[in-house]
Each structure stands twice: as C-alpha cells, then as structure tokens.
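Visitor: Please take me closely through a single part of this structure, and then through what lies around it. I should like to follow each step of the reasoning.

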Amino acid sequence: YTLTASLIRPSRQARALRKIRRHSPPPGKLLDVGCGDGRIPAHALSLGYDAWGVELSPRMASRAARRIDPQRILVGRLDDLMQASAGGAGPANLAPGSFDVIVTVSYIEHEPDPAPAMKRAFALLKPGGWCAQKTPNHDSWLRRLRGKRWAGYRWPEHVQYFTPGTLGKLMEQCGFVVRRVDANPLGDNFWLFAQKPA
C-alpha cells in the first residue's frame, strides 16, 4: 500500500508547490523560511522558480545544500541574515522587496516571537507578493478528539499554536491581507495564503 500510494500521490513538496503556484506561479523569486532538508526549494527550482532557503540548523542546511546549489541555502536566523544584509556584510539577496513568494511550512509554530518574523517576511516581499504558510490547526476536530495525544503538540519544539482565525489576525496586524485559508477540519494542519498589498 505504501509503495502504491507513494507512486500515485504527489510528494508533500509537490502538493505544497501546487497550492503556491495558484497564487504566485513561476517564474518568480521564492524563499522557503525554515527550509529543512531543502525539498521545497529543490522542487521549486525544477518548476522554474528562482528558489532560496533559510535554515537555522547547520545539519539540515548541509542536507539542503546537497539537493541544490549550496549558495542558495542561507544558514542562520532570518533576522540576523537580514540585518547583516542591510549592513552590507550578509547575503545581498535578502534585500527588502526582493521576493515574489515566501513559504513557511512547519515553521511559525517553532517561532518564539512570530509577529516580528512575519513583519520581516512582509518587508522581504515585493508589493503584491504572497506569503504561504502551513501550520498545525489548533481548531481541528482531530485536536479535540485526540486531546493531549494530538500530533500538533510537540513540546518543546512547538511553542506557538494557531487557528486559522488567530494566524489570520496576526498576518493582518503585520500588514498582510488574508486571501485564502485551506483548513480541512479532519486534518492536523491548515494552509493560509496572505498577500502584501500592491
């Protein structure tokens, strides 16, 4: 069953990029914040995006660098990298207004201070650019059904929990306009698509 399902069902990164392409199709400059082992930027490159990744973990960043050009993987905290870029000492590709789409998959729940992180994403996007996020849905039926055994509870890795409403409010406070939410009540996660006003 697993082999058959893997052959028929698209990979997670393919499903993620399918959603993202509806709002911001290639070509365009894409940044995956918390890119892990680099699967999303690698797939995005194959679709024609100018794709980049930021990863805090040096171990995961090295795995990502084996998938794509290592220069496309920026290692460290996005805030530190942006400050270094502004001072002329960091990557020039993190200039304000330089990205068409920013992707965060399983990132924001790890972020101790999500509002400044989303304000940084807002600054990096071009006017009309998109931020696509996937995060555990604290409002899901599965969370209510499973209680403390819910898959989204992963202390101490997960330090934030969002519903579509609370994440939408956060994004609006950071200047975004929420355009779409995909939240299957039977799923553990939801997607939120927000746009920087043109």
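Guide: A residue is called buried when its relative accessible area is under 20%, exposed when that area is over 50%, and partly exposed in between. The model before you is predicted. Let us begin with one residue and work outwards. D37 has a relative accessible area of 13%, which is under 20%, so D37 counts as buried.

The side chain of D37 has a charged partner, R67, and in this salt bridge the closest N and O atoms are 3.5 Å apart. D37 belongs to the loop between β1 and α3, whereas R67 belongs to helix α4, which spans residues 58-67; the pair therefore ties together parts that are 30 residues apart in sequence. R67 has a relative accessibility of 41%, so this partner counts as partly exposed.

The loop that holds D37 leads to α3, and this helix comes next. Helix α3 runs over residues 39-47, and its buried residues are I40, P41 and A44. Viewed down the axis of α3, these residues fall within an arc of 95°, so they line one face of the helix. A general rule helps here. An α-helix has 3.6 residues a turn, so residues three or four places apart point the same way. The buried residues of α3 pack against α2 (12-23), β1 (29-33), β2 (50-55) and β4 (99-105). Just after α3 comes G48, with a positive phi of about 110°.

Among the elements packed against α3 are β1, β2 and β4, and residues from these ranges take us a step further. K29 lies over the face of F99, at 4.7 Å from the ring centre. In a second arrangement of this kind, the charged end of R72 sits over the ring of W52, 4.9 Å from its centre.

Strand β4 also takes part in a salt bridge. D100 is joined to K126, with the closest N and O atoms 3.4 Å apart. D100 lies in β4 and K126 in strand β5, so this pair ties together parts that are 26 residues apart in sequence. K126 has a relative accessible area of 31%, so this residue is partly exposed.

Strand β5 (125-136) brings us to a second helix, α8, because β5 is among the elements that cover the buried residues of α8, as are α6, β6 and β7 (189-195). Which residues of α8 are buried? They are P164, L167, G168, L170 and M171. These residues cover an arc of only 160° around the axis, so they are on the same side of α8. On the face turned away from that side, α8 carries the exposed residues K169 and Q173. After α8 comes G175, whose phi is positive, near 105°.

The surroundings of α8 also hold aromatic contacts. Rings whose centres lie within 6.5 Å are taken as a pair, and by this rule there are two aromatic pairs. One of them joins F122 and F176 edge-to-face, 5.1 Å centre to centre, with 85° between the planes. F122 is in helix α6 (residues 114-124) and F176 is in the loop between α8 and β6, so the pair ties together parts that are 54 residues apart in sequence. F122 is partly exposed at 21% relative accessible area, whereas F176 is buried at 3%. The other pair is W191 with F193; these rings are stacked, 5.7 Å centre to centre, with 10° between the planes. Both W191 and F193 are buried.

Two of the elements that cover α8, β6 and β7, also pair with each other. They run antiparallel over five bridges, and they form a hairpin with six residues between them. V177 stands opposite Q195 in β7. L186 is found in the loop between β6 and β7. At 56% relative accessibility, L186 is over the 50% limit and so counts as exposed. Beyond its neighbours within four places in sequence, L186 is in contact with W141 and L142.

Finally, let us return to the salt bridges, the kind of contact from which we set out. How many does the structure hold? It holds eight. One of them links the side chains of D139 and R144, at 2.6 Å from N to O. D139 is partly exposed at 38% relative accessible area, and R144 is likewise partly exposed at 47%. Salt bridges that share partners also join K19, R180 and D182 into one network.

Notes:
Residues numbered from 1 in each chain as written. Predicted model: local features only at pLDDT ≥ 70, side-chain atom pairs only at ≥ 80, totals over all residues. Heavy atoms only, no water. Phe/Tyr/Trp six-rings, centres within 6.5 Å; stacked < 30°, edge-to-face > 60°. Helix = DSSP H or I, 4+ residues; strand = E, 2+ residues; numbered from the N terminus. Buried < 20%, exposed > 50% of the residue type's maximum accessible area, 1.4 Å probe, protein only. Lys NZ or Arg CZ within 6 Å of the ring centre and 35° of its normal. Arc of directions from axis to C-beta. Contact = heavy atoms within 4.5 Å. Pairing = 2+ DSSP bridges. Salt bridge = Lys/Arg side-chain N within 4 Å of Asp/Glu carboxyl O.
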